[in-house]
Amino acid sequence: MRIQPDLDHDMDRAAGPGQPGARRPVAAGLLRAGVVSADDLVNALAHNGREAARLPEILRTRGLVGEHDLLLATAQSWGLGMVDLAVTLPDPRLVDAVGAKACLRHGLVPWRRVGDVTVVALSRPEDFAGLRPMLEALLGPVCAGVASDGDITSAIHALRGGQLARAAERRVPLAESCRSWPRLHRAPRAMTALALGLILLLLAPIGTGVALVGFSLVSLMLIVGLKVLAMLAALRDQPPGPEPQGDGDDPAVSILVALYRESDIAGRLVRRLARLDYPAELLDVILAVEASDHLTRDALSAAELPPPWMRIIVVPEGE
């Protein structure tokens, strides 16, 4: 367990009324510590005026400051301690009290109870005042600590990833979902279908062959028809897109890339995504990989991800 600086001092300041700690500009702290130069800060301020992003995020996504230095400056700016979730996972009972989905939605995780006060780790201390009434209603007295977004997400997934996966599988009503459909890929049903096919082939080889050829022809015709319809749709006049937005209104964009057994293209995919022509501080590229797909995970780990706007999310086992 590691919290810096002294935990009792942080709780006294964060548990009291108002914001947690005496607010000082994060960028100014980075400049005083020599982490960023004045020229880099001026350049980031220029982008901050044009794009809907926080100045610290611009500094981080443009590689002007490391994540650890930024977290340390944020903690010092708010007079808070740093919570190391990689060393000590949160108490699962506290996570359940708030709810795993609520923790992810608000970008926080209740970490440990120290006396009567619960330490809540979050990456944006400026959000703590607005979240505090909800947290105190569920947890009692709370104080804030600083942790990275990635560590918060990883900790929640480590504790309740399976629960989140099951909730996602059942989010769509059963009548609109395919989860009740027969799963022919499962071993007993696949073996049954194979056995029936062999029996038909032995009893009526010519008829079975004709049926298979007919099925192949019908499938081919349907595929060709689908391609023709797609071509005709592409030739039609496209509806006008949204009007370009003015300076300072660029939206944040999330791109979800689902990968499965893509170890041969993982490196090239990362390099091409890194060439996206959009402000880095407004990009969030998520590479979703299944927990059992070790080949793709290893290939992505070997590739150099442009931090922090590209990240890997491991999807828990599920249906």
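**Salt bridges, helix 8 and a surface patch in the predicted model**

The side chains of Arg93 and Asp91 meet in a salt bridge, with a distance of 2.9 Å from N to O. The two partners differ in their surroundings, for Arg93 is exposed, with a relative accessible area of 65%, whereas Asp91 is buried, with a relative accessible area of 14%. The model in which this pair is found is a predicted one, and the count of salt bridges in it comes to 5.

A further salt bridge joins the side chains of Arg160 and Asp96, at 2.8 Å from N to O. Because Arg160 lies in helix 9 (residues 149-169) and Asp96 in helix 6 (residues 92-98), this pair ties together parts that are 64 residues apart in sequence. Arg160 counts as buried, at 19% relative accessibility, a value that falls under the 20% cut-off, while Asp96, at 41% relative accessibility, counts as partly exposed. The side chains of Arg311 and Asp284 also meet in a salt bridge, again given from N to O, at 2.9 Å. Here Arg311 belongs to strand 8 (residues 310-315) and Asp284 to strand 7 (residues 283-290), so the pair ties together parts that are 27 residues apart in sequence. Arg311 counts as partly exposed, at 32% relative accessibility.

With regard to the protein as a whole, the model holds 13 helices and 8 strands, and 34% of the 319 residues count as buried. Among the contacts between residues at least 6 apart in sequence, 69% join residues that are at least 24 apart. The accessible surface comes to about 19400 Å², of which 60% belongs to carbon and sulfur atoms.

Part of that surface is a nonpolar patch formed by Leu220, Val224, Val228, Leu229, Met231, Leu232 and Leu235, which together have about 680 Å² of accessible area. One of these residues, Leu229, lies in helix 11 (residues 205-235) and is exposed, with a relative accessible area of 57%.

Helix 8 (residues 128-139) was examined for both its span and the placing of its residues. Although helix 8 has 12 residues, its end C-alpha atoms are only 14 Å apart, which is short of the 16 Å that a straight helix would reach at 1.5 Å a residue. The buried residues of helix 8 are Phe128, Leu131, Arg132, Leu135 and Leu139. These residues cover an arc of only 125° around the axis, which puts them on the same side of helix 8. In general, an α-helix has 3.6 residues a turn, so residues three or four places apart point the same way. On the other side of helix 8, Gly130, Pro133 and Ala137 are exposed. Helix 8 is followed by Gly140, whose phi is positive, near 85°.

Tyr260 lies in the loop between strand 6 (253-259) and helix 12 (266-273), where it counts as partly exposed, at 38% relative accessibility. When its neighbours within four places in sequence are left aside, Tyr260 is in contact with Glu290, Asp293 and Thr296. Tyr260 and Leu295, which are 35 residues apart in sequence, are 9.0 Å apart in space from C-alpha to C-alpha.

Key:
Residues numbered from 1 in each chain as written. Predicted model: local features only at pLDDT ≥ 70, side-chain atom pairs only at ≥ 80, totals over all residues. Heavy atoms only, no water. Patch = residues over 30% accessible without salt bridge, like charges linked within 9 Å, V, L, I, M, F, W, Y side chains within 5 Å. Areas by Shrake-Rupley, 256 points an atom, 1.4 Å probe, with all protein chains shown as cover. Salt bridge = Lys/Arg side-chain N within 4 Å of Asp/Glu carboxyl O. Helix = DSSP H or I, 4+ residues; strand = E, 2+ residues; numbered from the N terminus. Buried < 20%, exposed > 50% of the residue type's maximum accessible area, 1.4 Å probe, protein only. Contact = heavy atoms within 4.5 Å. Expected span 1.5 Å × (residues − 1). Arc of directions from axis to C-beta.
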